[in-house]
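Colleague: Could you take me on a close look at the sheet in this model, strand by strand, and then show me how it sits with the rest of the chain? I'd enjoy a connected walk through it.

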Amino acid sequence: MNDELKDLYQEIIIEHSKRPRNYRSQESARSAHGYNPLCGDQVEIFVKMNDGRVEDVSFQGSGCAISTASASVMTEALKGKTEAEAEELFGHFHDLVTSGEESDELDLGKLAVFGGVSEFPARVKCATLCWHTLKAAIAGKDQPVTTE
Ligand code: ZN
């Protein structure tokens, strides 16, 4: 990754952590709690499904810049996706943050900004917490999710 791109990616992450999108709770939505004890990140994901697709998704919580930005970008990426498409995105996102490799079969869009996380293994859980929590919310599990 060249430095210019790295700077741009960093800017997007900082911007999303300062002004997170879809930062709100939702009445009568499926929700789940996630906790990353390694960093102290807490997140609650709210998701409304309609006809098998994500109609609305939002979050609340407190955590580091990476966890907040990841949840913010995730909510933007998920609207209109089916559960299977969301799972697929998570798979590619997980590969990206662990290996730094971008998928060539799927365009990750803005999610690609988290590629740099792969250089900091301790931050991988910060970036994936919201995705694990989303899965639990869609599945209707009310057990808190933990990355440990
Ligand atoms: Zn964190």
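Modeller: With pleasure! One cut-off first, as we shall need it at the turns: a residue counts as exposed when its relative accessible area is over 50%, and as buried when that area is under 20%. Please also keep in mind that this is a predicted model.

Let's place the sheet in the chain before going into it. The chain holds four helices and four strands, and from the N terminus on the elements run α-β-β-β-α-α-α-β. Three strands thus follow one another after the opening helix, while another closes the series.

Now to the sheet itself. It is an open sheet of four strands in the order S3-S2-S1-S4, and its pairing is mixed. Strands S3 (53–62) and S4 are at the edges with a single partner strand each, so one side of each has no neighbour in the sheet. As a general reminder, strands of a sheet pair through backbone hydrogen bonds, either parallel or antiparallel.

Let's begin with S1 and S2. Strand S1 covers residues 30–36 and strand S2 residues 41–50; the two run antiparallel and are joined by seven bridges. Two pairs help to fix the register: Arg 30 stands opposite Val 47 in S2, and Ala 32 has Ile 45 in S2 as its bridge partner. The two strands form a hairpin with four residues between them, and in its turn Gly 40 has a positive phi of about 95°.

Just before this hairpin there is a residue worth a pause. Ser 28 lies in the loop between helix H1 (3–18) and S1. Ser 28 is not a glycine, yet its phi is positive, at about 50°. With a relative accessible area of 71%, Ser 28 is exposed.

Moving on to the other partner of S2, we find S3, paired with S2 in the antiparallel sense over nine bridges. Val 47 is a handy landmark here, since we have already met it across from Arg 30; in S3, Val 47 stands opposite Val 57. You can therefore follow a line across three strands, from Arg 30 to Val 47 and on to Val 57, in a sheet where S2 comes between S3 and S1.

The connection from S2 to S3 is a hairpin too, with two residues between the strands. Asp 51 is in that turn, and its phi is positive at about 55°, although Asp 51 is not a glycine. Here the cut-off from the start comes in: Asp 51 has 79% relative accessibility, so it counts as exposed.

What about the far side of S1? There S1 pairs with strand S4 (residues 145–146) in the parallel sense over two bridges. Tyr 35 stands opposite Thr 146 in S4. With S1 and S2 antiparallel and S1 and S4 parallel, you can see how the mixed pairing of the sheet comes about.

Finally, let's see how the sheet region meets the helices. Cys 126 is a good guide. Cys 126 belongs to helix H4 (residues 124–139) and is buried, with a relative accessible area of 1%. Leaving out residues up to four places away in sequence, Cys 126 touches Asn 36, Cys 39, Asp 41, Cys 64, Ile 66, Ser 67 and Ser 70. Asn 36 falls in S1 and Asp 41 in S2, which puts Cys 126 in touch with both strands of that hairpin. Ile 66 is 60 residues from Cys 126 along the chain, but their C-alpha atoms are separated by 6.1 Å.

From Cys 126 we can step to Ser 70, in helix H2 (residues 65–78). Ser 70 counts as buried at 0% relative accessibility. Apart from neighbours within four places in sequence, its contacts are Phe 93, Phe 114, Cys 126, Ala 127, Cys 130 and Trp 131.

Stepping back to the whole chain, 41% of the 148 residues count as buried. Among contacts between residues at least 6 apart in sequence, 58% join residues at least 24 apart. The radius of gyration is 14 Å, which agrees with the value near 15 Å that a compact globule of 148 residues would have. Along its principal axes, the C-alpha trace spans about 45 × 35 × 25 Å.

Conventions:
Residues are numbered from 1 along each chain as its sequence is written. This is a predicted model: local features need pLDDT of at least 70, side-chain atom pairs count only at pLDDT 80 or more; totals for chains, interfaces and linings use all residues. Side-chain values use heavy atoms; hydrogens and water are left out. The radius of gyration is taken over C-alpha atoms; the globule rule is 2.2 Å times the number of residues to the power 0.38. Buried means under 20% relative accessible area, exposed over 50%, partly exposed in between (1.4 Å probe, protein chains only). Contact means heavy atoms within 4.5 Å. Two strands pair if DSSP finds at least two bridges between them.
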